[in-house]
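Visitor: Hello! Could you walk me through this structure, one question at a time?

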Amino acid sequence: MAVVVRHRQSGDEFILLGAGFGAYKAMRPSFFLGNIAPREEGGELPVALVCDSGGEVRWVRSENLEVLSVDGMKPSEILGREV
């Protein structure tokens, strides 16, 4: 089953290979209060693994992709709704 996606900003087309989700959290002591009130940073990274026509593999943030076709059919054809 081939899923073809397009990168919204560049317009490049890729084959979707898989999806992943990364999360991170870091804590470090604050300047004045040290470990009593540490600074916390964190975030989430929803990404998709894609490859181009040359077979080069890369991770792309999933919100930057749109699905063009699944097995040669538009998503609206598969779901039975025209957009």
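Visitor: In S5, which residue is the bridge partner of His7?

Guide: Happy to start there! This is a predicted model, where local features need pLDDT of at least 70, side-chain atom pairs count only at pLDDT 80 or more, and totals for chains, interfaces and linings use all residues. Residues are numbered from 1 along each chain as its sequence is written, and side-chain values use heavy atoms, leaving out hydrogens and water. Strands are DSSP runs of E with at least two residues, numbered from the N terminus, and two of them pair if DSSP finds at least two bridges between them. S1 (residues 3–7) pairs with S5 (residues 65–70) in the antiparallel sense over 5 bridges, and in S5 the partner of His7 is Leu65.

Visitor: Which side chains of S1 point to the buried face?

Guide: In a regular strand, side chains alternate between the two faces of the sheet. Buried means under 20% relative accessible area, exposed means over 50%, and partly exposed lies in between (1.4 Å probe, protein chains only). In S1, Val4 and Arg6 point to one face and are not buried, while the other face has the buried Val3, Val5 and His7.

Visitor: Which residue in S2 does Val5 stand opposite?

Guide: S2 covers residues 13–30 and runs antiparallel to S1, with 3 bridges joining them. Across from Val5 in S2 stands Phe14.

Visitor: How many residues make up the largest nonpolar core?

Guide: A nonpolar core is a set of buried Ala, Val, Leu, Ile, Met, Phe, Trp, Tyr and Cys residues joined through side-chain atoms within 4.5 Å. Here the largest one includes Val3, Val5, Phe14 and Leu65. S1, S3 (34–51) and S5 are the elements that give two or more residues to this core. Its total is 8 residues.

Visitor: Which residue forms a salt bridge with Lys25?

Guide: A salt bridge is a side-chain nitrogen of Lys or Arg within 4 Å of a carboxyl oxygen of Asp or Glu. Lys25 is exposed, at 61% relative accessible area. Its partner lies in S3 while Lys25 lies in S2, so the pair ties together parts that are 15 residues apart in sequence. With 3.4 Å from N to O, that partner is Glu40.

Visitor: Is Asp52, in the salt bridge with Arg58, buried or exposed?

Guide: Asp52 and Arg58 have their closest N and O atoms 3.4 Å apart. Arg58 is partly exposed, at 31%, and also meets Glu56 in a salt bridge. At 19% relative accessibility, Asp52 counts as buried.

Notes: Helices (H or I, at least four residues) and strands (E, at least two) are DSSP runs, numbered from the N terminus.
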